[in-house]
Amino acid sequence: MDEAKQKEILERLNKANKNTLGETLEITYTDVSENHLSATMPVNSRVHQPYGILHGGASCVLAETLGSCLSLINVDITKSVPVGTNINSNHLRAKREGIVTGTAT
């Protein structure tokens, strides 16, 4: 995929975030190819659970969003629309602030 196509897809995905949970959580798509899609999400009080660390549900939202959007890039949406049906996650360590990056392949 050439740079112009990558830029077009990233712009389209970031624009499509408007008025969605992705916008609420400030998910920003940052890199794309035929085989992967990456995005970032800030870790702040919006995505904290009561103990002041990143809520596992927010991590799942990032993962679900990436998986669905990567599928969307590779599917003819006039025939079908990809959505998640199952998600399982493992959290490796707590994060209180900064940025998390997710990548779907």
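# Notebook: a sheet, two pockets and two cysteines

I began with one residue pair: Val32 stands opposite Leu37 in β2. The model I am reading is a predicted one.

**Entry 1. The β1-β2 pairing.** I followed the strands outward from that pair. β1 and β2, the latter covering residues 37-43, pair in the antiparallel sense over four bridges. I looked up further partners along β2. Asp31 stands opposite Ser38, and the bridge partner of Tyr29 is Ala39. Then I checked how the chain gets from β1 to β2, and found a hairpin that joins them through four residues.

**Entry 2. The whole sheet.** I asked in what order the strands lie. The sheet is open, and its three strands run in the order β1-β2-β3 with antiparallel pairing. β1 (28-32) and β3 are the edge strands, each pairing on one side only. From one strand to the next, the twist averages 25°. On the other pairing I noted that β2 and β3 are joined in the antiparallel sense over seven bridges. One of the partners there is Ile99 in β3, which bridges to Pro42.

**Entry 3. The strand β2.** I wanted to know whether β2 is buried or exposed. Seven of its seven residues are buried, so β2 is largely enclosed by the rest of the structure. Before sorting the residues by side I wrote down a rule: in a regular strand the side chains alternate between the two faces of the sheet. For β2 I listed Leu37, Ala39, Met41 and Val43 on one side. Ser38, Thr40 and Pro42 are on the other. Both faces are covered, since the residues on each side are all buried.

**Entry 4. The largest pocket.** I turned to empty space next. Rolling a probe the size of a water molecule over the atoms shows where such space is left. The largest pocket holds about 580 Å³. Its lining has 23 residues, and those nearest the centre are Leu54, Ser59, Asn90, His91 and Val100. I asked which element gives the most to this lining. The answer is α3, with seven residues. α3 (56-73) and β3 (98-104) each supply at least two residues of the lining. Sorted by class, I recorded eleven nonpolar, ten polar and two charged residues.

**Entry 5. The second largest pocket.** The volume here is about 160 Å³. Among the lining residues I noted Leu13, Ala16, Asn17, Tyr29, Val61 and Cys69. Two or more residues of this lining come from each of α1 (3-16), α2 (21-24) and α3. The largest share, four residues, comes from α3. By class the lining has seven nonpolar, four polar and no charged residues. Tyr29 thus appears twice in my notes: in the lining of this pocket and as the bridge partner of Ala39.

**Entry 6. The cysteines.** Cys69, from the lining of the second largest pocket, made me look for disulfides. A disulfide is a covalent bond between the sulfur atoms of two cysteines. How many does the structure hold? The count is zero. I then asked why Cys69 has no bond. The cysteine sulfur closest to that of Cys69 is in Cys60, 16 Å away, which is too far for a bond. The cut-off for a disulfide is 2.5 Å between the sulfur atoms. Seen from Cys60, the closest cysteine sulfur is the one in Cys69, also too far for a bond. As a last check I looked up the accessibility of Cys69: at 14% relative accessibility, Cys69 counts as buried, because the limit for that word is under 20%.

Note on methods:
Residues numbered from 1 in each chain as written. Predicted model: local features only at pLDDT ≥ 70, side-chain atom pairs only at ≥ 80, totals over all residues. Heavy atoms only, no water. 1 Å grid on protein atoms, 1.4 Å probe; cavity = no way out; pocket = protein on both sides within 12 Å on 5 of 7 lines; lining within 4 Å. Points joined across faces, edges and corners; volume = space filled by probe spheres on them. Nonpolar A, V, L, I, M, F, W, Y, C, P; charged D, E, K, R; others polar. Buried < 20%, exposed > 50% of the residue type's maximum accessible area, 1.4 Å probe, protein only. Pairing = 2+ DSSP bridges. Axes fitted to C-alpha atoms, helices over the stretch in contact; angles between N-to-C directions.
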